[in-house]
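Morning, everyone. Please pull up the structure on your screens, and I'll walk you through it.

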Amino acid sequence: MKMTTPMQITAADSEARTISGRIVAFNETANASTGKVIFAKGSIAPKDVFLNLEHDRTRRIGKTLSMNLNSDKSIDATFKIAKTNAGTDALEEAASGMRDGFSIELAVNDYEMQKDGTMKVLSGELTGVALVTEPAVKSAKVSEVAATEGENSEAEKNSESDQTNTKENAVTDNQAVEPAAPTESVDVASAVQATSAPVAYTKPRSPIVDKHTYLEHFLKANVLGDEDSRIYVRAADNTTSTAPGMVPTPQSVQVINALANGDRGMIDALSREALVTEGMTFELPKVTAVPTVANVAENAAVTESSLSATFLSVPVQSFKGRAITTVELIDRSRPEYIAALLQNLEFAYAKVTDEFAVGTIQAAGQQTGVNANSATGFLAYTSQAAAAVYGSSLGFAQNLVVSPGQWANIMGYNDNGTPLYNAANPSNQAGLATAGSLRGRVSPGLDLYVSRSIGNAGGSTSTGDFSMVTINPNAWTWYESPRFTLRTAIQSDGTVDLLYYGYAAIAPKIPFGACWNQT
């Protein structure tokens, strides 16, 4: 993989014809051609390379004079600039701040992707350095410029010569004129033609620069009949309607995605632990019998009892997603394409894991009696479910997970028109459930979660059976490995295969520690 990442130069010496600066900063985020990147400590070794102009390897302007590590934090380099016109121009541009950035050219051998989409380079080979206009790190500035007297004198002579030529070749305002856009200035030097050209043309400098001056000359042209103002107005009216195709249509880097998101309401309502690093099954010891205590009379025999346990076997599940792209899209597209691709794989991963958790808990959980979808029925369900969860798990219900349809019902419950769960100035508010958050709190003291994955055949809009579940989070635990492990492979036809996967498991420590609704 080829990567370029810019840094800022720190010194340009036109007399010694050298340019110096930091070309690599380790463990700092930079903007590369592939997006955000971090170079691991020691991932790049100093190496003598050529200095190119704007990554054009056919425009070499110098080569490495020295390159060394700076306390394992960065690589600093000094380049000797060739005595060519391009090299002299580069020195002047670096000294004046017009082209004051370094950008390395790197062949990446090994890397890993961070959770936020940042690429961390673990190993790479430096293949070149370029002098560029757009640096990514602003921590260094040009600190020293030394120009020789001869170079200054020659520059002054060239400047005077250019001014003399401009005066001699200037085109007068009496020559033929054609309309121009109001913001375009007269470029006399470029308007002068070769001696063989029969006529030279220039464009008028329009005084129309804003809406006020446009109105002024519009009135002069149409009310007073001023011919000069008529020309200026005609030029200013040369817009997209009279010159179609001349104005480009820019594209925003923001990607709109209304098809998915990363919400996992059910998993968020469970207890969470890290997944073991080995095996596709792991076991949890589970108590099956406990010692007993009884009221025993004096000299009476005490009944024997003991503690016994077995193991709960928990299978590990793998969740995988695969996307096919091409080297052209990777190399030639904007970094936002890769970010959008990985983000949507993450959303798909979140959706399928949350659905798996919902299905497992629904298959093993219990239900309350029938209750209506009303404020009274909702309070009856949560009260019954909290008691049922405590009776089955000897632990308290803490969380309530509902479908978006039931979420809408809860927000709409009211007392003679006064909202119960989202009142602005509540006097007897039952809890809080608002349209601006998928989290809240409802009576009788349960934390509210909203999951798109729960509901019967009606899907996420369901308000029927299994559209609400009350949970003791200690009864159900979600185990998960580090998510979003990425593996890539470039095929012979230029396609890039991205496998996006992770491992997880859900442990029903106390299956009846969850209680669903029934309508």
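Which residues does I267 touch, not counting residues up to four places away in sequence? The list is R272, T353, D354, A357 and W478. Keep in mind that this is a predicted model. I267 sits in helix α6, residues 265-268. Is I267 buried or exposed? Buried, because its relative accessible area is 0%, and the cut-off for buried is under 20%. One more number on this residue. I267 and P473 are 206 residues apart in sequence, yet 9.8 Å apart in space, C-alpha to C-alpha.

Next, the sheet. Six strands form it, and it is open. The order is β14-β24-β20-β15-β19-β18, with mixed pairing. At the edges are β14, 366-370, and β18, 439-442, each pairing on one side only. From one strand to the next, the twist averages 30°.

Look at β15, residues 399-402. Both of its faces are covered. N399 and V401 are buried on one side, L400 and V402 on the other. How does β15 pair with β19, parallel or antiparallel? Parallel, over four bridges, with β19 spanning residues 446-450. With β20, β15 pairs in the antiparallel sense, over four bridges.

Now follow V401 across. In β19, its bridge partner is Y449. In β20, V401 stands opposite V469. Take V469 one step further and you reach W516 in β24, which it stands opposite. That pairing, β20 at 468-471 with β24 at 514-518, is antiparallel and has three bridges.

On to the cores. In soluble globular proteins, nonpolar side chains tend to be buried together. Here, the largest nonpolar core has 30 residues. Which residues have the most contacts inside it? I23, F39, I44, F79 and I104. Strand β9, residues 119-132, gives the most to this core, with five residues. Zoom in on I44. Setting aside neighbours within four places in sequence, I44 is in contact with V24, F26, F39, I75, I104, L106, G124 and L126. There is also a second, separate core of 29 residues. Y449, I471, L498 and A514 are among its members. Y449 should sound familiar: it is the bridge partner of V401.

Last topic, two helices. Start with α1, residues 85-96. It has 12 residues and reaches 17 Å from first C-alpha to last, close to the expected 16 Å. G87, A90, L91 and A94 are buried in α1. Why do they line one face? Seen down the axis of α1, the buried residues fall within an arc of 100°, so they share one face of the helix. On the other side of α1, N85 and E92 are exposed. After α1 comes G97, with a positive phi near 85°.

Then α4, residues 211-222. Its 12 residues should span 16 Å at 1.5 Å a residue, and the end C-alpha atoms are 16 Å apart, which agrees. Buried in α4 are T213, H217 and A221. These three cover an arc of only 70° around the axis, so they lie on the same side of α4. An α-helix has 3.6 residues a turn, so residues three or four places apart point the same way. K211, H212 and N222 are exposed on the other side of α4. And what covers the buried residues of α4? The cover includes α5, 227-236.

Definitions and conventions: Residues are numbered from 1 along each chain as its sequence is written. This is a predicted model: local features need pLDDT of at least 70, side-chain atom pairs count only at pLDDT 80 or more; totals for chains, interfaces and linings use all residues. Side-chain values use heavy atoms; hydrogens and water are left out. The expected span of a helix is 1.5 Å times one less than its number of residues. Buried means under 20% relative accessible area, exposed over 50%, partly exposed in between (1.4 Å probe, protein chains only). The arc is that of the directions from the helix axis to the C-beta atoms. Two strands pair if DSSP finds at least two bridges between them. Axes are lines fitted to C-alpha atoms, for helices over the stretch in contact, and angles run from 0 to 180 degrees between N-to-C directions. A nonpolar core is a set of buried Ala, Val, Leu, Ile, Met, Phe, Trp, Tyr and Cys residues joined through side-chain atoms within 4.5 Å. Contact means heavy atoms within 4.5 Å.
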